[in-house]
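Reader: I should like to go through the helix packing in this structure. Could you take my questions one at a time?

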Amino acid sequence: MAAEVTDLDRKPEIRRPQSWFRLRRDIPAWGYRALAASGFALVLVLWAWVSHRDFVNPVFLPTPEAVWQALRDVLGDASLWLDIKMSFFRVTAGFALAAVVAIPVGITMGAFRVGEGLLQPLTEFIRYIPVPALIPIFMVLFGIDELSKVMLIWVGTFFQLVLMVADEIRRVPYELLQVSYTLGARRDETIRLVLWRAAMPGIFDALRLCNGWAWTYLVVAELIAANEGLGYRILKFSRFLQTPKIWVYLILLGVIGLSLDLLFRVVNRRVFHWADTTKR
């Protein structure tokens with residue numbers, strides 16, 4: 001006769017969390033886009049509500065209507081497009097120069113302990129020096145023309161990027177190197193065909209992050225005798241308390257930065273669709 005199963009003998013059911021709230025699990029693409037749009041809409045509603053309160057000074061927090069009117073005025077000004085062009089040139093030049101130098105230096109630091117010992121402590125030391133503190137030195141070394149602005153963005157990006165590249169090289173499993181040696185690969189072939197190719201998705205993602213940092217140094221760079229640029233214009237508006245126009249330029253910087261970030265993500269998914277970095 002079969003034994004009777006009591007409530008105590010039954011195993012408790014394991015209740016799994018909803019799929020949208022499971023740790024590190026994907027959600028539908030439409031849901032992600034809806035959440036992203038909701039985040040922006042929530043900030044806009046909160047901004048509109050707070051800016052219309054009586055206790056808020058419009059000089060410090062203008063209303064969305066005032067910013068919209070300022071945007072219409074700014075779009076009709078030819079200086080806006082010159083500001084965007086010059087700022088884009090400065091950031092792109094500084095970032096590109098940082099990438100060209102940082103990638104081989106980072107590979108050297110990540111692949112060889114000798115390179116790590118020689119370069120990493122120095123890099124860690126320099127990256128903690130505030131970039132604005134270097135403005136007088138850069139003015140003496142490079143003058144007040146475009147080179148000093150580009151170099152300021154370069155120094156703010158290079159030392160972060162080189163450490164990230166070195167970390168990506170170190171994340172390549174050592175077993176891959178052993179297999180390449182077993183198959184008869186030389187050291188230069190192992191670096192070029194194994195280390196570099198395995199680390200490329202992570203390095204590309206590091207470039208995406210550092211490009212965002214490069215844009216954050218724009219206002220600092222355009223403190224050096226600039227006559228145009230998004231950062232320069234923000235500083236000029238602040239002198240006359242033209243807060244709505246300041247907000248317009250801040251929003252433009254955010255739009256440019258977000259667009260570049262999305263572009264990096266799209267290229268990363270297309271080129272390195274097999275890598276984990278495409279899910280970041």
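Author: Certainly. This is a predicted model. To begin with one pair, helix 8 and helix 11 are roughly antiparallel to each other.

Reader: At what angle do the axes of helix 8 and helix 11 cross?

Author: The two axes cross at roughly 175° and come within 10 Å. Since angles over 145 degrees count as roughly antiparallel, the pair of helix 8 and helix 11 is therefore placed in that class.

Reader: Which residues meet there, helix 8 with helix 11?

Author: From helix 8 the contact involves Pro201, Phe204, Asp205, Leu207, Arg208, Asn211 and Trp215. Facing them in helix 11 are Leu253, Ile256, Leu260, Asp261, Phe264, Arg265, Val267 and Asn268. By class, nine of the residues in this contact are nonpolar, two polar and four charged.

Reader: And helix 3 with helix 11, how do their axes cross?

Author: The axes of helix 3 (residues 78-111) and helix 11 (residues 243-271) cross at roughly 45° and come within 12 Å. That angle makes helix 3 oblique to helix 11. The crossing is right-handed.

Reader: What residues form that contact between helix 3 and helix 11?

Author: Leu80, Asp83, Ile84, Phe88 and Phe95 of helix 3 meet Tyr249, Leu252, Ile256, Leu260 and Phe264 of helix 11. This contact has nine nonpolar residues, one charged residue and no polar ones.

Reader: Tyr249 caught my eye. What is Tyr249 in contact with, leaving aside its neighbours within four places in sequence?

Author: With those neighbours set aside, Tyr249 contacts Val74, Leu80, Asp83, Leu230, Arg233, Ile234 and Phe237. Tyr249 also belongs to the largest nonpolar core, where it is among the residues with the most contacts, together with Leu152, Leu161 and Trp215.

Reader: How many residues are in that largest nonpolar core, then?

Author: The core has 62 residues. Helices that each supply at least two of them include helix 2 (64-75), helix 5 (135-142), helix 8 (187-216) and helix 10 (230-239). Helix 6 gives the largest share, 14 residues.

Reader: A change of topic: where is Glu124 found?

Author: Glu124 lies in helix 4 (residues 113-127).

Reader: Is Glu124 buried, partly exposed or exposed?

Author: Its relative accessible area is 25%, so Glu124 is partly exposed; the partly exposed class runs between 20% and 50%.

Reader: And how far apart are Glu124 and Phe55?

Author: Glu124 and Phe55 are 46 Å apart in space, C-alpha to C-alpha, and 69 residues apart in sequence.

How values were computed: Residues numbered from 1 in each chain as written. Predicted model: local features only at pLDDT ≥ 70, side-chain atom pairs only at ≥ 80, totals over all residues. Heavy atoms only, no water. Axes fitted to C-alpha atoms, helices over the stretch in contact; angles between N-to-C directions. Helix = DSSP H or I, 4+ residues; strand = E, 2+ residues; numbered from the N terminus. Parallel < 35°, antiparallel > 145°, perpendicular 65-115°, else oblique. Left-handed = near helix turned anticlockwise from the far one by under 90°. Contact = heavy atoms within 4.5 Å. Nonpolar A, V, L, I, M, F, W, Y, C, P; charged D, E, K, R; others polar. Core = buried A, V, L, I, M, F, W, Y, C linked by side-chain atoms within 4.5 Å. Buried < 20%, exposed > 50% of the residue type's maximum accessible area, 1.4 Å probe, protein only.
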